[in-house]
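Me: I have a structure to study. Please take me through it in short questions and answers.

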Amino acid sequence: MASIFDRIKAGLSKTAQQIRERLSDVTGAPAPASATPGGAATASPAPAGKPAPRVTEADTLEAVEDALIMADVGLPATTHILAAVKGDRSGGVRDRVKRVMLGILDRTQRPIEIGARPHVVLVVGVNGTGKTTTVGKLARWHQTQGHRVLVCAADTFRAAAVEQVAVWAERANVDIVRAQMGADPAAVTFDAVSAAKARGHDIVLVDTAGRLHTRANLMAELDKIRRVVGREVPGAPQEVLLVLDATVGQNGLSQAREFMAASGANGIVLTKLDGTAKGGVAIAIAHELKLPIRFVGVGESMDDLVPFDATAYVDALFTSPW
Ligand code: GDP
């Protein structure tokens, strides 16, 4: 299996390609038509006979600004990055931009500590973001880490969601607790956590509803699930992962804020990175939501979930030399 670095790079290829194109005027290296990763070896020299026009630092910064906005880094984070880069005189512009971006991401990253068992993970987010798929992928990932996983299908509002989680659980070969349609999701979650305690599961992954009759209902339901879980296992849920769809980019942030407040989200899974040139949204998330990005989704199959790595991410964004 490819390294985390290579998988993040592949997932970000559309975003990196767009950034290369945006920067091609100042890098002097025309963006290749294909998404082949750049690097010193692939930089094309300026065409013979045509002296490259002089590129000032101001030109470069303007192109960077444009590239970051296009990549959905967002105005607040982009403004912050440019100001910090202008104030930092050590090294070339590219290295300074990378350093500032890494700083934004690193400030929010914290290692996941799996202490008390069971470690309960609520997976929250609106329908269509890839929440259920992410539960399946997380089941697989935790299994590869040697954990005994129990999946809980708590979206009792959507029959299809329960079926879908069941299919993923079967594929990943992990146990599942599921209830009848319309059952109380907090009661199902309680059953799952009790079962995990009795049977010695390390991880409980709870797929929650992404939509109810009203938003207030949804938020009240998430709150109830949290309380029930916390009574069963002190400190649980240890993780509340908010699933965000990278293809939605910046527009997902206001929705994210709402979920954060109601669900106590303490981490992000950014899905569908492979399908978008808006991969810069990870920076906007870290800068504006101040939440760590735990995983990125880079495809539709079970193994297409990669632990987020800030250094790999920033390196993958800028593949051409400048
Ligand atoms: P939910 O409604 O939030 O539970 O969303 P689903 O899990 O049903 O996913 C919605 C669609 O997004 C499905 O077609 C998934 O295959 C697709 N999907 C989920 N994660 C990813 C990802 O990381 N990359 C790609 N390309 N597609 C994804």
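Reply: Start with a term: a residue is buried when its relative accessible area is under 20%, exposed when that area is over 50%, and partly exposed in between. Keep in mind that this is a predicted model. Now apply the term to a strand. E7 is mostly covered: buried residues make up five of its five.

Me: How is the open sheet ordered, and which are its edge strands?

Reply: The open sheet has eight strands, and their pairing is mixed. Its order is E3-E2-E4-E1-E5-E6-E7-E8. An edge strand pairs on one side only. That describes strand E3 (175-178) and strand E8 (305-307).

Me: By how many degrees are neighbouring strands of this sheet turned against each other on average?

Reply: Direction is ignored for this value. The average turn between neighbouring strands is 25 degrees.

Me: In which sense do strand E6 and strand E7 pair, and which residue of E7 stands opposite Val269?

Reply: Strand E6 covers residues 267-271, and strand E7 covers residues 293-297. They pair in the parallel sense, over three bridges. Ile268 stands opposite Ile293 in E7. For Val269, the residue opposite in E7 is Phe295.

Me: At about what angle does helix H6 run to E4, and at about what angle does helix H8 run to E2?

Reply: Helix H6 (residues 131-144) lies across several strands, including E1, E4 and E8. Helix H8 (residues 185-199) lies across E1, E2, E3 and E4. H6 runs at about 170 degrees to E4, and H8 at about 165 degrees to E2.

Me: Is Thr134 buried or exposed?

Reply: Thr134 lies in helix H6. Leaving aside neighbours within four places in sequence, its contacts are Val243, Val269 and Thr271. Its relative accessible area is 1%, so Thr134 is buried.

Me: Which helix gives the largest share of the largest nonpolar core?

Reply: Nonpolar side chains tend to be buried together in soluble globular proteins. Here the largest nonpolar core has 79 residues, and among those touching the most other members are Ile81, Met101 and Leu270. Seven residues form the largest share, and they come from helix H11.

Me: How many residues are in the second, separate core?

Reply: This second core is separate, and it includes Val135, Ile203, Val243 and Val269. Its count of residues is 22.

Me: Which residues of the stretch 295-297 does Leu270 touch?

Reply: Set aside residues up to four places away in sequence. Leu270 then touches a list that includes Leu244, Val281 and Ile285. From the stretch asked about, the list holds Phe295, Val296 and Gly297.

Me: Why does Leu68 count as buried?

Reply: Leu68 is placed in helix H3 (residues 57-70). Beyond four places in sequence, it touches Val73, Gly74, Thr78, Ile81, Met101 and Phe318. Leu68 counts as buried because its relative accessibility is 0%.

Me: What distance separates the C-alpha atoms of Leu68 and Ile19?

Reply: Along the chain, Leu68 and Ile19 are 49 residues apart. In space, their C-alpha atoms are separated by 7.5 Å.

Me: Which backbone atom does the side chain of Thr276 reach?

Reply: Thr276 sits in the loop between E6 and H11. Its relative accessibility is 6%, so Thr276 counts as buried. At 2.8 Å, its side chain reaches the backbone nitrogen of Lys278.

Me: Is Lys278 buried, exposed or partly exposed, and what does its side chain reach?

Reply: Lys278 also lies in the loop between E6 and H11. Its relative accessible area is 29%, so Lys278 is partly exposed. Its contacts beyond four places in sequence include Thr15, Asp72 and Gly249. At 3.3 Å, its side chain reaches the backbone oxygen of Thr247.

Me: How many residues surround the ligand, and how far is an oxygen atom of the ligand from a polar backbone atom of Gly128?

Reply: The ligand is surrounded by 17 residues, and the closest are Gly128, Thr132, Thr133, Asp274 and Glu300. A ligand oxygen is 2.9 Å from a polar backbone atom of Gly130. For Lys272, the distance from a ligand oxygen to a polar backbone atom is 3.0 Å. For Gly128, that distance is 2.6 Å.

Definitions and conventions
Residues are numbered from 1 along each chain as its sequence is written. This is a predicted model: local features need pLDDT of at least 70, side-chain atom pairs count only at pLDDT 80 or more; totals for chains, interfaces and linings use all residues. Side-chain values use heavy atoms; hydrogens and water are left out. A nonpolar core is a set of buried Ala, Val, Leu, Ile, Met, Phe, Trp, Tyr and Cys residues joined through side-chain atoms within 4.5 Å. Buried means under 20% relative accessible area, exposed over 50%, partly exposed in between (1.4 Å probe, protein chains only). Helices (H or I, at least four residues) and strands (E, at least two) are DSSP runs, numbered from the N terminus. Contact means heavy atoms within 4.5 Å. Two strands pair if DSSP finds at least two bridges between them. Axes are lines fitted to C-alpha atoms, for helices over the stretch in contact, and angles run from 0 to 180 degrees between N-to-C directions. A residue is near a molecule or strand if one of its heavy atoms lies within 4 Å of it. A polar contact is a pair of N or O atoms within 3.5 Å; within protein, one must be able to donate a hydrogen and the other to accept it, and residues adjacent in sequence count only if both atoms are side-chain atoms.
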